[in-house]
Amino acid sequence: HGSPASVLDLKETGVATGVPTDTIRVLFATQSGNSRKLAQLFGTEAQNYKLKVEVNDMAEYDPNKLRKEKFLVIFCSTQGEGDPPLSGEEFFSFIHSSRINNLNQLNYAVLSLGDRNYVNFCKVGRDIDKKLKQLGATPIIPAGECDVDFQEVASQWITSLNERFQILQQTGVDKPSVITAGKGLQRNGQP
């Protein structure tokens, strides 16, 4: 369960293995520590739903492993005029390089932290979201964006994401797009 063999079987047969057997990889890139706190909060809440979660600093994650991930959640901030935090630079460069060209197996979610006083508000998260879609990955829920007073928006986004994982777990669906109708945050699986 969750082993490379089960991921391979999923690709070959198209049969969903269900969320509980697959680890949800959570990455954060932060300068001030807010993205780390939110990633840890999501991880704790997801474990309360009996989901397997691993939270890592993006700087300590080997982006070559993306090809094997099934579920990825990213919490990232934007620095200065639209730059990734130091801990996210390698990951950001990797996904925007020619070293990776297909992430069809990946389901992901991105929560960006920024400051509306800057022109490139949440640019890093927007860029990651756009690039993952271009690489064939499927969003689990729409990307979230938070201003400096991020707690309420982030909490709602985390709750919506955990609810989506609950629906995926209950239905055994491996591609969120099968049960997602329209845009916007959805409650209890209702479009």
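**Exercise 1. The loop before α4**

Task: Determine where C122 lies in this predicted model, and whether C122 is buried or exposed.

Solution. Step 1: C122 belongs to the loop that connects β4 with α4. Step 2: The relative accessible area of C122 is 0%. Step 3: A residue counts as buried under 20%, so C122 is buried. Step 4: The backbone of C122 adds a further feature, a positive phi of about 55°, although C122 is not a glycine. Most residues other than glycine have a negative phi.

**Exercise 2. Residue K123**

Task: State which helix contains K123, and classify K123 as buried, partly exposed or exposed.

Solution. Step 1: K123 is found in helix α4, which covers residues 123–134. Step 2: The relative accessibility of K123 is 29%. Step 3: Buried requires a value under 20% and exposed a value over 50%; K123 therefore counts as partly exposed. Step 4: When neighbours within four places in sequence are left aside, K123 is in contact with T78 and G82. Step 5: S112 is eleven residues away from K123 along the chain, and the C-alpha atoms of the two are separated by 8.1 Å.

**Exercise 3. Helix α4**

Task: Check whether the span of α4 agrees or disagrees with its number of residues, and identify what covers its buried residues.

Solution. Step 1: α4 has twelve residues, and at 1.5 Å a residue they should span 16 Å. Step 2: The end C-alpha atoms of α4 are 16 Å apart, which agrees with that expectation. Step 3: The buried residues in α4 are V124, G125, D127, I128, D129, K131 and L132. Step 4: These buried residues are covered by elements that include β3, α3 (89–95) and β4. Step 5: After α4 comes G136, with a positive phi near 95°.

**Exercise 4. Helix α2**

Task: Establish which residues of α2 are buried, and why they can be said to line one face of the helix.

Solution. Step 1: Helix α2 consists of 15 residues (residues 34–48), which at 1.5 Å a residue should span 21 Å; the distance between its end C-alpha atoms is 21 Å, in agreement. Step 2: The buried residues of α2 are S35, L38, A39, F42, G43 and A46. Step 3: Viewed down the axis of α2, these buried residues fall within an arc of 140°, and therefore they line one face of the helix. Step 4: On the other side of α2, K37 and N48 are exposed. Step 5: The packing partners of the buried residues are β1 (24–29), β2 (53–57), β3 (71–77), β4 (107–113) and α5 (151–171).

**Exercise 5. Residue K50**

Task: Locate K50, and decide whether K50 is buried or exposed.

Solution. Step 1: K50 lies in the loop between α2 and β2. Step 2: The relative accessible area of K50 is 67%. Step 3: Exposed means over 50%, so K50 is exposed. Step 4: Phi of K50 is near 70°, a positive value in a residue other than glycine.

**Exercise 6. Strand β1 and its partners**

Task: Describe how β1 is covered, and how many bridges join β1 to β2 and to β3.

Solution. Step 1: Six of the six residues of β1 are buried. Step 2: I24, V26 and F28 are buried on one side, and R25, L27 and A29 are buried on the other, so both faces of β1 are covered. Step 3: β1 and β2 run parallel and are joined by five bridges. Within this pairing, I24 has V53 as its bridge partner, and F28 stands opposite D57. Step 4: From β1 the chain passes through α2 to β2, forming a right-handed β-α-β crossover. Step 5: β1 also runs parallel to β3, with six bridges between them; here the bridge partner of I24 is F71.

**Exercise 7. The whole chain**

Task: Summarise the elements of the chain, and state where pLDDT stays under 50.

Solution. Step 1: The chain has five helices and six strands, in the order α-β-α-β-β-α-β-α-β-β-α. Step 2: Of its 191 residues, 48% count as buried. Step 3: Among contacts between residues at least 6 apart in sequence, 79% join residues at least 24 apart. Step 4: The average pLDDT is 82, and 79% of the residues score at least 70. Step 5: pLDDT stays under 50 over residues 1–20 and over residues 178–191. Beyond four places in sequence, the model has 30 contacts for residues 1–20 and 25 for residues 178–191.

Definitions and conventions:
Residues are numbered from 1 along each chain as its sequence is written. This is a predicted model: local features need pLDDT of at least 70, side-chain atom pairs count only at pLDDT 80 or more; totals for chains, interfaces and linings use all residues. Side-chain values use heavy atoms; hydrogens and water are left out. Helices (H or I, at least four residues) and strands (E, at least two) are DSSP runs, numbered from the N terminus. The expected span of a helix is 1.5 Å times one less than its number of residues. Buried means under 20% relative accessible area, exposed over 50%, partly exposed in between (1.4 Å probe, protein chains only). The arc is that of the directions from the helix axis to the C-beta atoms. Contact means heavy atoms within 4.5 Å. Two strands pair if DSSP finds at least two bridges between them. A crossover is right-handed if, with the strands pointing away from the viewer, the path from the first strand over the helix to the second runs clockwise. pLDDT is the predictor's confidence in each residue, from 0 to 100.
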